[in-house]
Amino acid sequence: MKTLIMVRHGKSSWDYSVSDRDRPLQERGINDALLVSDKFKSEGNTIDAVFSSTANRALHTCMIFVRQLQVPLASVSLTNNLYDFSGESVFDFVTALDDSLDTVMIFGHNHAFTHVANSLGNTYIDNVSTSGLVHLVFDVDSWSLVEKGTTKQTIFPKDLR
């Protein structure tokens with residue numbers, strides 16, 4: 001059994017003249033990430049590894065979750081493969097994960113995450129919102145065999161406010 005938890009970065013700010021990778025979170029993005037991570041933490045899930053896009057907004061969202069879930073920093077890695085907007089690199093990244101990892105959490109971007117959630121899950125999602133979490137489960141022993149799984153849950157900030 002393999003479990004993939006995808007989290008889209010929190011609401012980012014366009015108020016600064018910085019590159020796309022350097023855009024920070026808005027206060028709402030921080031608060032929404034805290035809301036979703038707190039709800040997810042209450043369910044007692046165990047995470048083997050965490051991977052984040054190298055974009056500031058994704059990494060900041062990731063760090064909020066890591067702190068809330070008390071995941072050791074040694075379990076966190078950054079990868080340019082998750083700085084993807086189509087979903088192709090995200091899918092390639094997931095199917096190349098080390099099989100010793102059973103539950104992986106990734107932080108990245110839309111439209112990639114909505115596309116991957118709809119391609120790999122069994123529940124249609126119109127849009128993975130900012131700070132939105134999609135929890136997918138696959139009845140396989142190897143990440144390379146991941147195709148269609150079950151959408152175990154979604155947690156979106158609007159549902160928690």
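Phe65 is buried, with a relative accessible area of 0%. In this predicted model, a search of the whole structure turns up 3 aromatic pairs, and Phe65 belongs to one of them. Its partner is Phe107: the two ring centres lie 5.3 Å apart and the planes meet at 65 degrees, so the pair is edge-to-face. Phe65 sits in helix H2 while Phe107 sits in strand E4 (residues 103–108), so the pair ties together parts that are 42 residues apart in sequence. Phe107 is buried too, again with a relative accessible area of 0%.

Now for another pair of rings, Tyr83 and Phe85. Their centres are 5.1 Å apart and their planes stand at 80 degrees, so this pair is edge-to-face as well. Is Tyr83 buried or exposed? With 18% relative accessibility, Tyr83 counts as buried, because the cut-off for buried is under 20%. Phe85, on the other hand, is partly exposed, with a relative accessible area of 36%.

Tyr83 has a charged visitor as well: Arg21 lies over the face of Tyr83, at 3.8 Å from the ring centre. Arg23 does something similar with Trp14, its charged end sitting over that ring, 3.7 Å from the centre.

Arg23 also leads us to the salt bridges. How many salt bridges does the structure hold? There are 6 of them, and the table lists some, with the N to O distance for each.

| Salt bridge | N to O distance |
|---|---|
| Arg23 and Asp20 | 2.8 Å |
| Arg57 and Asp20 | 3.2 Å |
| Asp32 and Arg28 | 3.4 Å |

Asp20 turns up twice there, and indeed Asp20, Arg23 and Arg57 are linked in a network of salt bridges. Which parts of the chain does the bridge between Arg57 and Asp20 link? Arg57 belongs to helix H2 (residues 56–69), while Asp20 is in the loop between strand E1 (2–8) and helix H1 (27–41), so to speak distant parts of the chain, 37 residues apart. As for exposure, Arg57 is buried, with a relative accessible area of 2%, and Arg23 is buried with 6%. Asp20, their shared partner, counts as partly exposed at 29% relative accessibility.

The bridge between Asp32 and Arg28 stays inside one helix: both residues lie in H1, 4 residues apart, about one turn of the helix. Asp32 counts as buried at 3% relative accessibility, whereas Arg28 is partly exposed, with a relative accessible area of 42%.

Next comes the sheet. This is an open sheet of 6 strands, with mixed pairing, and reading across gives the order E3-E2-E4-E1-E5-E6. Which strands stand at the edges? They are strand E3 (76–78) and strand E6 (150–155); each has a single partner strand, so one side of each is left without a neighbour in the sheet. From one strand to the next, the twist averages 20 degrees.

Take E1 and strand E5 (residues 133–138) as an example of pairing: they run antiparallel and are joined by 6 bridges. Val7, for instance, has Leu133 in E5 as its bridge partner.

Helices pack on this sheet too. H1 touches E1, E4, E5 and E6, and its direction makes about 130 degrees with that of E6. Helix H4 (residues 112–120) packs on the sheet as well, touching E1, E4 and E5, with its direction at about 150 degrees to that of E1.

Methods
Residues numbered from 1 in each chain as written. Predicted model: local features only at pLDDT ≥ 70, side-chain atom pairs only at ≥ 80, totals over all residues. Heavy atoms only, no water. Salt bridge = Lys/Arg side-chain N within 4 Å of Asp/Glu carboxyl O. Buried < 20%, exposed > 50% of the residue type's maximum accessible area, 1.4 Å probe, protein only. Helix = DSSP H or I, 4+ residues; strand = E, 2+ residues; numbered from the N terminus. Phe/Tyr/Trp six-rings, centres within 6.5 Å; stacked < 30°, edge-to-face > 60°. Lys NZ or Arg CZ within 6 Å of the ring centre and 35° of its normal. Pairing = 2+ DSSP bridges. Axes fitted to C-alpha atoms, helices over the stretch in contact; angles between N-to-C directions. Contact = heavy atoms within 4.5 Å.
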